[in-house]
Amino acid sequence: MYPPVPPVGLEYIAGSLISAGHKTEIVDLCFTENIFKEIDDAVISFKPDIAGITVRNIDSALFLNNEFFLDEIKIIIDYLKHAYGLKIIVGGAGIIADPEGILEYLKADFIVSGPAEKDLPYILSNLNNELNTRIFYSACSGMVILDRLISAIDYKKYIEKGGVAGFETHKGCSSSCCYCIEANTKVFFKNPNDVISEIKALVDIGCNHFHLCDSEFNENLEYCIDFCNALKKESLDIKWAVYMKPDNFNKKLFQLMKETGVYLITLTVDTYKKCDMYWSDIERFIFSAKSAGIKVVVDLLTGFPYEKESEIKQHLDNLKRPLPDSININTYIRLYKNTCISKMILSDKTLVKYLINYPGNGRLIKPVFYNQINMEQIRQIIDYDSIFRVDGAEKGVNYSRI
Ligand code: SF4
């Protein structure tokens, strides 16, 4: 994929396993031309008892140029099982979309849903005992110290190919966006000094461009300010980009973010049942961030059930007023099994006609989209205004476009 994304989740998992006394090796297949040869070499030399596979996303979640990842992952799982008789445990950020469904689809032996850093060492230690489940629901609590195995990844290659390094300050999200698999997931923060140690270790191996891996940076304003203050003290020569939500912000935060090297914010916005306060917060957010010298790109999801075209036009006018650098508009809503919007749409017969690729029976592993405003209508609504981009129409990500 372009740009390639280093497997930060695997680095955290490997670090926590090694700290717990498990012998662990990462095989990163991102740049491999012959994945089976690379797998053969790794399995023959390392002789693992079990293989873990990460599922960062089920698919690219965009309707245009959608990429579905599970079939390729399944080929690797089948190979490891049949060629080497290995047991397979699957985890990763994408699993919470539907742990049972993904386990069944991939025909893996075990699956971990949720952040596995704390629980995976225990699960592995007990796999030889009689386990009465194949699905583990994992959660962390409190402020957690996590180790990270950076040395296993060829960062130079990622940077050469346009990738950037990542780090995370917390896991989970307390917001309730009706379409998002991370809505209302348990939040826990990392110690800012531990995060900064990770960044410094990455700087030491030549990384100076980062993207935050948190679902949204600003889960807690006080934490964000503490983190930025601690980072500022280090005077590192870095630049970084973040995802944020229109909540928990003030001018001081944006000023500090700018001083620590933040150059781009992708702001998550949707139009589902929003009050006037939401739109005025967004306006304030964009004005404040831009006044601090940070670029803002809006990722907008719209075209929800019962929304009228005139309402969408009004929202777009609201969004344009504070002059963000770009607005990525998406009217194709990817449905996942456990989200509120999926339950609402699938239980209303008048809405089912707007589904694309729905096989029935509540199955949503392969991409199913709700769409009531099609591509031509979007183009008319945005009236070819250059501030808008139709999400998925071109490849790439915000930090590579800006
Ligand atoms: S704020 Fe972002 S991560 Fe949180 S629920 Fe909404 S879309 Fe998901």
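**Close-up views of a predicted model**

**View 1. Strands S9 and S10 as a parallel pair.** Strand S9 (residues 239-244) runs parallel to S10, and five bridges join the two. The model is predicted. At one position along this pair, Tyr243 stands opposite Thr266 in S10. Strand S10 spans residues 262-270, and eight of its nine residues are buried, so the strand is largely enclosed by the rest of the structure. In a regular strand, side chains alternate between the two faces of the sheet.

**View 2. Residues around the ligand.** Which residues surround the ligand? The shell includes Cys173, Ser175, Cys177 and Cys180, followed in sequence by Glu182 and Ala183. Ser215, Glu216, Lys245 and Thr268 complete the list. Sorted by class, the shell has four nonpolar, three polar and three charged residues.

**View 3. Ile18 and its contacts.** Ile18 lies in helix H1, which covers residues 8-19. Is Ile18 buried, exposed or partly exposed? Its count is 15 other C-beta atoms within 10 Å, and a residue is called buried at 20 or more and exposed at 12 or fewer; Ile18 is therefore partly exposed. Leaving aside residues up to four places away in sequence, Ile18 touches Thr24, Asp147 and Leu149. Ile18 and Leu149 are 131 residues apart in sequence, yet their C-alpha atoms are 8.7 Å apart in space.

**View 4. The contact between domain 1 and domain 2.** Domain 1 takes in residues 8-137, and domain 2 is made of residues 164-332 together with 371-401. The centres of domain 1 and domain 2, taken over C-alpha atoms, are separated by 29 Å. Eight residues from domain 1 and eleven residues from domain 2 take part in the contact. On the side of domain 1 that touches domain 2, seven residues are nonpolar, one is polar and none is charged.

**View 5. The whole protein, for orientation.** The protein has 15 helices and 16 strands. Its C-alpha atoms fill a box of roughly 60 × 55 × 40 Å along the principal axes. The radius of gyration is 22 Å, which agrees with the value near 21 Å for a compact globule with 402 residues. Of the 402 residues, 36% count as buried. Among contacts between residues at least 6 apart in sequence, 74% join residues at least 24 apart.

Conventions: Residues are numbered from 1 along each chain as its sequence is written. This is a predicted model: local features need pLDDT of at least 70, side-chain atom pairs count only at pLDDT 80 or more; totals for chains, interfaces and linings use all residues. A residue is near a molecule or strand if its C-beta atom, placed from the backbone, lies within 6 Å of it. Ala, Val, Leu, Ile, Met, Phe, Trp, Tyr, Cys and Pro count as nonpolar, Asp, Glu, Lys and Arg as charged, and the others, Gly among them, as polar. Helices (H or I, at least four residues) and strands (E, at least two) are DSSP runs, numbered from the N terminus. The radius of gyration is taken over C-alpha atoms; the globule rule is 2.2 Å times the number of residues to the power 0.38. Two residues are in contact if their C-beta atoms, placed from the backbone, lie within 7 Å. Domain bounds come from an automatic or database domain assignment. Two strands pair if DSSP finds at least two bridges between them.
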